[in-house]
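Q: Got a minute to walk through this model with me? I'd like to start with the core.

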Amino acid sequence: WSPYSFLTPQELEERKQRRAEELERAKSAVLDPAMEKVKAAGIAVDCRLKFGNVVELIAEIADQEDAAMIFVGRAGSQSMAARVFGSVPLGLAQVAPVPTVIVP
């Protein structure tokens, strides 16, 4: 798809279908096996698969669940601030409705 042209209704439907397929593939290949291991270890956990801006989604879930704190890890990136914090932790530190702990 070109960012310089409007999508046809057919292309929009294809994108929606592909997104659903990608989410299902991520669930079966990544989340389900991870959840099985966590549950086998006796750890109570809630898992959600969502599509969108990571920072906004985590902040939204924290607000909905009345979270007391967010713990987030970081990964490498290009800018100096992102190298220190990571783009998601940096974004959460700015918009999260609760304190955010960044784990290196």
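**Core, helix and pocket**

A: Sure. This is a predicted model. The largest nonpolar core is made of 8 residues: Val55, Ala59, Ala62, Ile70, Val72, Leu92, Ala96 and Val98.

Q: Which elements give two or more residues to this core?
A: Helix H2 (54-64) and strand E1 (70-73) do.

Q: And which gives the most?
A: H2, with 3 residues.

Q: Take Ala59. What does Ala59 touch, leaving out residues up to four places away in sequence?
A: Leu92, Val95, Ala96 and Pro97. Of these partners, Leu92 and Ala96 are listed in the core as well.

Q: Leu92 sits in a helix, then. Which residues of H4 are buried?
A: H4 covers residues 87-95, and Pro89, Gly91 and Leu92 are buried there. Viewed down the axis of H4, the buried residues fall within an arc of 160°, so they line one face of the helix.

Q: What's exposed on the other side of H4?
A: Ser87, Ala93 and Gln94.

Q: Switching to pockets. How much space lies in the largest pocket?
A: About 240 Å³.

Q: Which residues line the largest pocket?
A: The lining consists of Leu31, Ala34, Met35, Val45, Asp46, Cys47, Arg48, Ile61 and Glu65.

Q: How do the lining residues divide into nonpolar, polar and charged?
A: The lining of the largest pocket has 6 nonpolar residues, no polar ones and 3 charged.

Q: Last one. Which helix gives the most to that lining?
A: Helix H1, residues 9-40. H1 contributes 3 residues to the lining of the largest pocket.

Key:
Residues are numbered from 1 along each chain as its sequence is written. This is a predicted model: local features need pLDDT of at least 70, side-chain atom pairs count only at pLDDT 80 or more; totals for chains, interfaces and linings use all residues. Side-chain values use heavy atoms; hydrogens and water are left out. Buried means under 20% relative accessible area, exposed over 50%, partly exposed in between (1.4 Å probe, protein chains only). Helices (H or I, at least four residues) and strands (E, at least two) are DSSP runs, numbered from the N terminus. The arc is that of the directions from the helix axis to the C-beta atoms. On a 1 Å grid over the protein atoms alone, a cavity is a set of points where a 1.4 Å probe fits but cannot get out, and a pocket is an open set with protein on both sides within 12 Å along at least five of seven lines; lining residues have an atom within 4 Å of a point. Grid points are joined across faces, edges and corners, and a volume is the space filled by probe spheres set on the points. Ala, Val, Leu, Ile, Met, Phe, Trp, Tyr, Cys and Pro count as nonpolar, Asp, Glu, Lys and Arg as charged, and the others, Gly among them, as polar. A nonpolar core is a set of buried Ala, Val, Leu, Ile, Met, Phe, Trp, Tyr and Cys residues joined through side-chain atoms within 4.5 Å. Contact means heavy atoms within 4.5 Å.
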